[in-house]
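Visitor: Could you take me through one part of this model in close detail? I would like to see how a single strand sits among its neighbours.

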Amino acid sequence: MTSVTVDGTEAKFSQAQKDILILRPLVRDDRHELVIRYSGKPQPVPAPTTREDFSTLGFTVTDRDEVWTMQEPYGAYSWYPVNDQPADKALYDITVTAPDPWTGIANGRLVANTTQDGTRTTEFQLDEPAASYLITLAIGDYAHSSGTSKSGVVLDYWYPRGQPLVLDAMTAGNAAIDWIEARLGPYPFSSAGIVATDSMSAMETQTMVTIGDNDYVRSAPVLVHELVHQWYGDRVSPADWRDVWLNEGMTMLMQGLWESDNASEDGGGRPIKSRIADWRRRDLGPARRLRPARRLRQGPVRRLEHLLLPALMWNALRLELGDDRFFEIARSRLAAHDNRSVTRDDMYAHWEKETGLELSAFFDAWIMGRTTPPPGV
Ligand SMILES: [Zn+2]
């Protein structure tokens, strides 16, 4: 770091590993302007995971000097100063200068794209606040294309130049947006896009989904999953990581329903009933003790605890209420918590108010209970 100013005047600071201490007395709840100037060569940080598809988080430079970032549950702090937790959303303007014809891609609307003296500068503006784990930066030799959903949402597709098959895979996003909008309401942001990188996983980075370089993460169900997160996870985020299941449970159920609606004879997708039965079968043995909220989550998402069990819970409620009522409340809950980071209690209160049902025993049994409730409960 080179300098810090608070409200226009230089402030003393010290830095200890990931923490910056700024020495300036402040009045609680007053507003202040903090400017931090810094430069450096960011390094990825170890990920708290045993997953095979990644071992580090943050800013990654490839063998070919391309850049990509993925940073859930944290890692943004490895490349810019930020309160790196999901309750502190912020607006972002990101300007990237790269050697032409390479292009820097980030979240939001592309508001400028200029070349000068062998460099290309792109400026992105994010119109809605985002949590730091949802920020993306990618730099590489990108080609650009776009598609449009029937409802008129334009999706920007950034894919490696000369790789049209990657673009083909991305265009599943057009119809996916229409399918999701029919259930969760209009796409919530002012821009949409997908950027392909050299990572091995996919991430729901806000307004600009980041996908990696393999057939699985480029598949339509994974794209649908990351696009559903634009509503569940990005528009409304968890206040802390114990509640990451708020993002993943509903998203996994939506993915399963999309696969059911788009099941084809060549083996793609399958009916939701068989998917639900499969998820229940996986919930056996010691895993029964792993309720979504019984562990303080600091690591990446665990498939059974954070995706499948809460997906089973939402499916039970969907069957109880019927699709129309269920998705009507899912939409009103997103509107009620628009662009905020919320707790499970906020979410429980909304569903109880809208259904008129006493649901605390239901939610508690699924989220905190020691065994999985039987089907249909
Ligand atoms: Zn997810």
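Guide: Happy to! Two strands count as paired if DSSP finds at least two bridges between them, and strands themselves are DSSP runs of at least two residues, numbered from the N terminus. Please keep in mind that this is a predicted model.

Let us look at strand E15, which covers residues 154-160. Five of its seven residues are buried, so E15 is largely enclosed by the rest of the structure. For that step, the cut-off is that a buried residue has 20 or more other C-beta atoms within 10 Å of its own.

Now to the partners of E15. One is strand E14, residues 142-148, which is joined to E15 by seven bridges and runs antiparallel to it. Across this pairing, Thr 148 of E14 faces Val 154 in E15. E14 and E15 form a hairpin with five residues between the strands. In that hairpin, Gly 152 adopts a positive phi near 100°, a torsion you may like to check in the backbone.

Another partner is strand E16, residues 192-196. Here the direction is parallel, and four bridges make the connection to E15. Within this pairing, Tyr 157 of E15 stands opposite Ile 194 in E16.

Putting the picture together, E15 has an antiparallel pairing with E14 and a parallel pairing with E16, and five of its seven residues are buried.

Note on methods. Residues numbered from 1 in each chain as written. Predicted model: local features only at pLDDT ≥ 70, side-chain atom pairs only at ≥ 80, totals over all residues. Buried ≥ 20, exposed ≤ 12 C-beta atoms within 10 Å, placed from the backbone.
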